[in-house]
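Trainee: Could you take me slowly through one part of this model, the sheet and the helices that pack on it, and then show me how a packing of two helices is described? I would like to follow each step with the structure in view.

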Amino acid sequence: MPWLSDRLKSIGFRFSTPVQTSMMRGLMRPEVVTGSEFDGTEITTEILEKTETDVALRAVTGSGKTIAYLTSALTSISSDLFNREKFIYDAVIDEYGGSMNVLSEDNAEGDEEQEQKARENLAMKMAYSLSPSLQMAELGTVIQAWQEQPRSCARKPLLLVVCPSRELAAQVALKVFELFGGNIRQDYTPGDDERSIFNYRGPRGTRVVGLLDASELITREAQLKAVDVIVSTPEVVSSMYQQDVEYFDDLRVLVIDEADLSLQSEELANYPAISMLLTDRDTSKRRNILVGASFGAEAAEASLERGFLDKRNTVLVTANNYMHLTNLLQSQSAEEIFTSTMVAEGINHQILPVEAGESMRAMFGLLRHHLFTWENTAEDERGVRPRGLIYVKNDTVAQQIGESLRNAVWGKHKVYTLLPQRGQMPLQVLEQFAGAVTASLEAASKQKQSTTDSSVASSKSSNDFDVWRADTAPTLLLTTPSAARGLDFANLTHIYSLNVDPSEAEYAHQAGRLGRLGNLNIDGINAGIMTSIINPQEEAALRMRIVAVAGPDAKITVVPESLWQLTAPPTYADVTAAEGEGGDTRSAEEANARDDAIISRLEDLMKSYEQKTET
């Protein structure tokens, strides 16, 4: 679709990733066309025609799967959306254009002022009606752009995207809105018109609803009567289906994001309506797209047997290839395809085995060590400031350690929490956390430029402001695996998993927040450091999971105790020097002298925490 291609370029997706290319090619088939020249000579040529087939999409986390399935889905409904645009246009003329005709007949002598007002009113109603609209719960987003349309424009959704969490659904809804010409930026720079609605060439008047809580079915009732795309969670979709089984009759595409989680037997038992939606359809009119980084052979076979995917017409799309799913499962290459790596290359997988009573102390020490190393690296070599994600088992644990964490890293890190059950305004948290890297990179860039360019050196106040933005932006996010699943965090450098015993799929999604599309390498070598703080007895099992997820060539290291001991936080060079391999000779006493106050406070906090844990 030319309009979709133009829009993707305007919002920054100028080149397709391997999985996006495979998605496009996998849904095309060659078609032989014959015709005649002017002189009667018959010619034959081959063209590519798009097909409307089911898709199982499997690729590593952070590879661009969301854009891949959205572009495919929007291509399927594009002609319907343009037809709806024409219907909206005619409805506005019918409802508001009549007043102009009356004015023209009654004002034979000419009341130009009244007629001009009528024209302006019609133009305003048309502009509102043909603008993209987004309605979503109050989760901290500044986007509440819902434009009124004539009541006669009632319509049912064409696209439904089901996500396992509210946070992921919110991100997807914002991306759909942006693809339809919407503006999700908080600021505007004069001259930056590439993303403007005035350069948008796609269908107009589209309406996107992000339904993130079942209670919204009442408050959003009016909006749900005229909608084109819905992004929601299994719980809310099930409630909608139970209230009105015919509401989704016009669906052209149903997407299950993170299908490896959403289609587990226990999930389907809780939400049988999802199974009904997947199976109760005319395959010639509705497509199903199942997406997941760990969507394996077992899940694929089960989806075919249950009717979630069409046995006769389903394509498996990966980053490197596309093939007919049924034929693949019967071939010998199925195991190789479905056991491919689930995370990006270049991630350094670290294991920190430590007894449960020492795990918090170990994490605090490692946090300080990573920042200490960065601070003592030459400015032109240090790379991105450490920005981390901390996973804990559940909301309760996060609440227990949140205050201790803030105190432990006070003055070094600014901590935010993203908790699905207790957290407030998750979109605002995500937005501010994502903005930290922008501020940091801008500050570093201007500071570096000011040292080499005398004409810029005088703009010290501007640099000071950028440094202040970087220093005050959040750099640590405390969350749970379920809350952060599938979310895209810009330029993370470190992930710490605290006493979380993950399955292979869960580990893939935790480590998958690193090395994502467009992210910077933290030091030119590593795509990020994933540190699992676990009980020593779990080390062997975790190693096996890492190999299964990242492949036999994955970089796996064990963190030496000397790196996290709070009483002597050395650099990696100190450790190699102690082992006789040379390196920095900075003494532990010098490091301790700098942080005596923090160390004392940390030890007091840890004693208090351990006493509470024992109690």
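Mentor: Before we look at how two helices pack, you need to know that an axis is a line fitted to C-alpha atoms, for helices over the stretch in contact, and that angles run from 0 to 180 degrees between N-to-C directions. Please also keep in mind that this is a predicted model.

With that in hand, find helix 8, residues 234–243, and helix 11, residues 272–279, which pack with their axes 8 Å apart and at an angle of about 70 degrees. Because angles of 65 to 115 degrees count as roughly perpendicular, helix 8 is roughly perpendicular to helix 11. On the side of helix 8 the residues that meet the other helix are Pro234, Val237, Ser238 and Tyr241, while helix 11 brings Ala273, Ile274, Met276 and Leu277. When the residues of this contact are sorted by character, seven are nonpolar, one is polar and none is charged.

Now turn to the sheet you asked about, which is an open sheet of seven strands with parallel pairing, and whose order is 14-15-13-16-17-12-18. Its edges are strand 14 (415–418) and strand 18 (555–558), each of which pairs on one side only. As you pass from one strand to the next, the twist averages 20 degrees.

Look next at the end of that order where strand 12, residues 347–353, runs parallel to strand 18 and is joined to it by four bridges. If you pick out His349, you will find that its bridge partner in strand 18 is Ile556.

Two helices that pack on this sheet are worth tracing in turn. Helix 21, residues 504–511, touches strand 12, strand 13, strand 16 and strand 17, and its direction makes about 135 degrees with that of strand 17. Helix 15, residues 359–375, lies across strand 12, strand 13 (388–391), strand 15 (476–479), strand 16 (494–498) and strand 17 (528–534), and it runs at about 175 degrees to strand 16.

Finally, for a look at single residues, go to Glu335, which is found in helix 14, residues 334–338. Glu335 counts as exposed because its relative accessibility is 62%, and its C-alpha is 7.5 Å from that of Ala297, although the two are 38 residues apart in sequence. Cys153, by contrast, is buried, with a relative accessible area of 1%, and Cys163 is buried too, at 0%.

Methods
Residues numbered from 1 in each chain as written. Predicted model: local features only at pLDDT ≥ 70, side-chain atom pairs only at ≥ 80, totals over all residues. Heavy atoms only, no water. Parallel < 35°, antiparallel > 145°, perpendicular 65-115°, else oblique. Contact = heavy atoms within 4.5 Å. Nonpolar A, V, L, I, M, F, W, Y, C, P; charged D, E, K, R; others polar. Buried < 20%, exposed > 50% of the residue type's maximum accessible area, 1.4 Å probe, protein only. Pairing = 2+ DSSP bridges.
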